[in-house]
Amino acid sequence: MIDGILMTMKAIIDNFSSAIIVPIIIFFIALIFRVPPKKAFLSMMNAAVALMGFTLLIGAFTPIISPMIMSMSETMSGITGVALSTFDVGWQATAVVAFATNAGMIYLGLGILLQTVLFLVKWTNIFQPSDLWNNYSYIVWGAMVIYATDNFLLGIACMVLLNLYSLLISELIAKRWSAYYGYPHCTIIAMHNVEPAVFAVLIDPVLNLFRLDKVNLNPKAIEKKIGVFGEPMVIGLFIGMLIGIIGSIGHLDSLKTWGQIFYVAVATCTIMALFPKVAGVFAQAFAPITDAAKKIMGDGKGRDWYIAVNDAVGYGESATLTSGLLLIPIMVFIATILPGNIVLPVVDLLAIPYMVQGLVSVYKGNMAKIIVAGAIWFSLGLLMCSQTASLFTQVAVSAGFAIPAGAALITSFNILGKPMLGLVFLAFLSQNPFYIGISVAIYAVAYAAFRFKRGAIEDYMEKMANRNTAVAEE
Amino acid sequence: MKNVKILSVCGSGTVTSTMVAEKLKEHLLDEGYKVEATEARPTEALSMAQAGSYDVIVHTSPLPEGEYGAPIIDAFACMTGIGEDQFYADVVAVLQAAGK
């Protein structure tokens, strides 16, 4: 009987693409959360259109960019020894890939359940189901574990442990984030954007040794100077031209070459402009479910608790945006000289103002520290992207995204560039019980330490944050 | 049915601004407004606002300083669900005050 059901399910998954199955699952989850059928149906259609939209865009874009990336990679490896054969397709495309995998389909439901229970039994003070969208951050890693090991339970265990880690980190910075950005009882939860906060706390004493706590950069003045160079299409144009010119360095004297260079540049601009639009359609699929999930939360009376909000709310803050934009050229430069790196950050360059939010809240807007700590941690992130690019590309192909054989690899600088939590993934990937055991044990110790020493830890972070004279808060 | 134009701003003009815009469309429909929404990022919000003659600007991410030429309302309540009804009421009040 159960075998029969499993066989049928497998047959369905084998024969229907993710652009069909995922929307149907979203439809049923919406119904379970008592979303009206009409809205549930629209959610389903939005999901289907976005999934298909990404498939079409990536399918069209890869053949254009791939040859240039490969050729640039060859040229660069002759100069700096660093071959950039991997294109950063960004968090939007990665989210869609993630939700289109088996792991994604499962965690859509399991995640909500787990996060709600963890909040209700007071394992955590953070109500996470209000930011359902960012669950893809765990799913990406789980999907890779499942793809590589064929072990479903191992993949699920990996996602659960990552979810626990990110809840703990969120709780660590909740007080600071909430105070700095001025949203009472709110914090960010996206694993890919809270992870750097741990590094921020650890390296802070070192940065103070270099007197960085006394450096005062004015974000507003710098923000004005950056102006149009911070626009996605302009960044796309620059990066596209860069890829094109380096990729055809030997024959820049022919008109045909310049035609190709501009073609690649405009195609890269297009991706920068259109990916967010498609992600917007996908987000609409989640809105009714997120709304329904919030109703579980209750009024949380008598608890010191935080609601997880999407990190979009911090993006435009001056120190956040400005240090994020300043890190764009820094990261592109580092990518070309960092030994062991194969990733050219592109689409996620615009995501840096999300990625720095943990640093911004810990350092209370001290831009010098944000930029130094960010550059170090994100460089390590590039190495983690390089490590996982091949596996992630295979997962994307198996989820139904048409990436031609022999093309450049793909990654997401924001989502997969996680030096610390990527290690948790590597432990699960190794299938070695010892490494997995260590990753669980570290979580257990950190969790216990935070539970028993919460006050002292928060006081310390507050004291360290206030040492910074560069205060962007108004 | 009155037509209104709304500029919705979040971090990347993608996920959150779309959610807010969709919610506004739905709630304002009950009040007799047909909403045409545009999503934007904070860095492009000012130039879009100045070029586009919007009736109201809602935002979940802080906005750069400037003359937006339209009332600005913080849409943060849409993210937590707390004070959400007040937010819709504020938007309607602003529209009515503008004679819409």
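Two strands are taken to pair if DSSP finds at least two bridges between them. With that in place, I turn to the sheet of chain B. The model I am presenting is a predicted one.

In chain B, four strands form an open sheet in the order β2-β1-β3-β4, and the pairing is parallel. The edges are β2, residues 33-40, and β4, residues 72-74, of chain B, each of which pairs on one side only. From one strand to the next, the twist averages 30°.

Let us look at one pairing within this sheet. Strand β1 of chain B, residues 2-9, runs parallel to β2(B), and eight bridges join the two. As a point of reference on the structure, B:V9 stands opposite B:A40 of β2(B).

Two helices of chain B should be described together with these strands. Helix α2 of chain B, residues 42-52, packs on the sheet and touches β1, β2 and β3 (56-59) of chain B. The direction of α2(B) makes about 155° with that of β1(B). Helix α4 of chain B, residues 84-97, lies across β1, β2, β3 and β4 of chain B. Relative to β3(B), helix α4(B) runs at about 160°.

I now move to chain A, beginning with its strands. Which residues of strand β4 of chain A, residues 306-309, are buried on its two faces? On one side they are A:Y306 and A:A308, and on the other A:I307 and A:V309, so that, with a residue counted as buried if 20 or more other C-beta atoms lie within 10 Å of its own, both faces of β4(A) are covered.

Strand β4(A) has parallel partners in β2 and β3 of chain A. Two bridges join β2(A), residues 126-127, to β4(A), and A:I126 has A:Y306 as its bridge partner there. Three bridges join β3(A), residues 186-188, to β4(A), where A:T187 is matched with A:A308.

Next come two helix pairs of chain A. In the first pair, the axes of α3(A), residues 37-79, and α12(A), residues 255-294, come within 8 Å and cross at roughly 160°. Because of that angle, α3(A) is roughly antiparallel to α12(A). Their crossing is left-handed. By class, the contact between α3(A) and α12(A) has 19 nonpolar, four polar and one charged residues.

In the second pair, the axes of α14(A), residues 318-337, and α17(A), residues 367-398, come within 9 Å and cross at roughly 40°. The angle therefore makes α14(A) oblique to α17(A). Here the crossing is right-handed. Residues making the contact include A:L326, A:L327 and A:I330 of α14(A), and A:G374, A:A375 and A:F378 of α17(A). By class, the contact of α14(A) with α17(A) has 13 nonpolar and four polar residues, and no charged ones.

Finally, I come to the contact between the two chains. Chain B contributes 22 residues and chain A contributes 25. On the side of chain B that touches chain A, the elements giving two or more residues are α1 (15-30), α2 and α3 (77-80) of chain B. Which of these elements gives the most to that side? It is α1(B), with five residues. By class, this side of chain B has eight nonpolar, eleven polar and three charged residues. Helix α2(B) thus appears twice in this account: it packs on the sheet of chain B, and it is among the elements on the side that touches chain A.

Conventions. Residues numbered from 1 in each chain as written. Chains lettered and ligands numbered in written order. Predicted model: local features only at pLDDT ≥ 70, side-chain atom pairs only at ≥ 80, totals over all residues. Axes fitted to C-alpha atoms, helices over the stretch in contact; angles between N-to-C directions. Parallel < 35°, antiparallel > 145°, perpendicular 65-115°, else oblique. Left-handed = near helix turned anticlockwise from the far one by under 90°. Contact = placed C-beta atoms within 7 Å. Nonpolar A, V, L, I, M, F, W, Y, C, P; charged D, E, K, R; others polar. Buried ≥ 20, exposed ≤ 12 C-beta atoms within 10 Å, placed from the backbone.
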